[in-house]
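Student: I want a close look at one helix and what surrounds it. Please start from a single residue and work outwards.

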Amino acid sequence: SLLKITLFIFLAELLLSVITPLTYPGAYQLYAYVLHCLIFGLFYFGYKSRKRITSPITSNRGQKQSEEKVKLRSLWLLTLITFIFVSLYINFYTGNSILTVFSSLLLNQTGAESLYYTYQRYFADNHLATFSLEKLPYIIIYPILKLGFYCVTLHLISHRQMSKKVVIPVTILFLLFLTIGLARGTSLELFELACFLMFCVVFAFQKNPDKKSRRKLVLLSLLPILAYLLFENFKAMRYEDGIIVTSTEGETFVLDQDSFLANNFPWLFNILRSLSSYFMFGFYYISHCFNDLWLQSIEGFISLLVPMGTPIFFSADNTKELLDGTYINFGVRWVPDIVLLIERFGLIFSLTFIYLLGKFTHVLDDKFRMSDNTIYVCMLFFILVQMSSFSVGNFISSSSSNILMVIFCVFLVFNPSWYRRLERMFFL
């Protein structure tokens, strides 16, 4: 199922980039499209290169899973702790209370101050970009609670224990983590949680593919629409009075206002324009790397292949320094993860890493079927997010909490007995 979700996201990203009418020829992005397809192809062949274990070994604990019961008290305690922590976290990083955030959500069309600029101003005024001991508890506790939420939710789905009594605290936890992104006016948390919800729906359908599960497929088809509506709301909260202001002055990444799509399907054109800076700019950036740097000279081509090629062959630390202001206007956007990987380790190692990531994914899949340990499924989710990020942005590497979550998850994957001990806090 992970391969299917990954393929769906990869095709969606590719389709959005292909149909988005930019002011330069679409063929200019050919190298970006080829690299995007190569990433998924290597991941797919890495996954398929490992033989599947055909006779799952079920642990004694797996045989008793029908007798397991969720500890509702522990689940509600996690919800209460998360609510208190999220309230403190929002106040520490933005200066707002959680009630202010919700009131701004309701008023963002009628005069609320931009939460994004409030967060940016408060963050800068209080020097929160620099490390301090005061920040340390928030840096460590946030990824622990969020990873706990992911693991508990996946365990409940795996063991078919998502009853009405359980759904309420799980939904509250989901909304609390979404509120953090809302408080900062950023969309990273929204994308991550939307991916997690889609992952959970597909995982639930795989675990219980009965007729009732068709409802999950309906929900899965509605998730992109719901995610887009929330995305637009989050964007609106960046501006005063909830009015989104766009300007093309000095901008190089611009959609063609006279295109066939703009003239005949203006509603679709407006959707693509809204999504373009977040999900299509990565292809545009990769194209400039190939056309203006890596394939312009022998030195550029060698810098593509070898580790740390940019600082060795160019008078710059990275490709952004070479491209920004000369070929493109970067603005407040991400350098795609695949470019960052190539800059540090070279193209050959980067593609090899993606192939090995596919093999590792198959190992996790086999381990889950053998032990029914949901920490392996949680690791599969992080791989999904990373695969979605390669051509688009930095969904994991740009967030210290996500990096720590992956580190904690990897530790538990290689020490499953530790995860079993933690699991007993919530399940009998």
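What is the relative accessible area of K207?

Tutor: K207 has a relative accessible area of 22% and therefore counts as partly exposed (under 20% is buried, over 50% is exposed and anything in between is partly exposed, with a 1.4 Å probe and protein chains only). The model is predicted; local features need pLDDT of at least 70, side-chain atom pairs count only at pLDDT 80 or more, and totals for chains, interfaces and linings use all residues. Residues are numbered from 1 along each chain as its sequence is written, and side-chain values use heavy atoms, with hydrogens and water left out.

Place the residue. K207 lies in helix α9, and this helix covers residues 188-207 (helices are DSSP runs of H or I, at least four residues, numbered from the N terminus). Now look across from K207 to S158. The two residues are 49 apart in sequence. In space, the C-alpha atoms of K207 and S158 are 6.5 Å apart.

Go back along the helix to E192. Its side chain meets that of K146 in a salt bridge, 3.2 Å from N to O (a side-chain nitrogen of Lys or Arg within 4 Å of a carboxyl oxygen of Asp or Glu). This pair joins distant parts of the chain: K146 sits in helix α7 (residues 136-158), E192 in α9, with their positions 46 residues apart. Both K146 and E192 are buried.

Next comes E189. Its partner is R184, and their side chains form a salt bridge of 2.0 Å, N to O. E189 is buried, because its relative accessible area is 4%. R184 counts as buried too, at 14% relative accessibility.

Then take α9 as a whole, against helix α1 (residues 2-19). The axes of these two helices come within 10 Å. They cross at roughly 140 degrees (axes are lines fitted to C-alpha atoms, over the stretch in contact, with angles from 0 to 180 degrees between N-to-C directions). So α1 and α9 are oblique to each other (under 35 degrees is roughly parallel, over 145 roughly antiparallel, 65 to 115 roughly perpendicular, the rest oblique).

Move on to α7, the helix that supplied K146. L156 is found in α7 as well. Its relative accessible area is 0%, so L156 is buried. Its C-alpha is 9.4 Å from that of T374. In sequence, L156 and T374 are 218 residues apart.

That contact leads to the later part of the chain. D372 lies in the loop between α17 and α18 (375-389). D372 is buried, since its relative accessible area is 10%. Its backbone deserves a check: phi is positive, about 60 degrees, although D372 is not a glycine. Most residues other than glycine have a negative phi.

Helix α17 itself spans residues 337-371. Within α17, the side chains of D366 and R369 meet in a salt bridge, 3.0 Å from N to O. The partners are separated by about one helical turn, because D366 and R369 are 3 residues apart in the helix. Their exposure is worth reading one by one. D366 has a relative accessible area of 1%, so D366 is buried. R369 reaches 27% and therefore counts as partly exposed. With this pair, the salt bridges come to 3.

One stop remains, at M308. This residue is found in the loop between α14 (298-305) and α15 (309-313). M308 is partly exposed, because its relative accessible area is 41%. Its phi is positive, near 55 degrees, and M308 is a residue other than glycine. The partner to inspect is F345, 37 residues away in sequence. From C-alpha to C-alpha, M308 and F345 are 6.2 Å apart.

To retrace the route, begin again at K207 in α9. Cross to S158, 6.5 Å away between C-alpha atoms. Then follow the salt bridge of E192 and K146 from α9 into α7. From L156 in α7, step to T374, 9.4 Å away from C-alpha to C-alpha.
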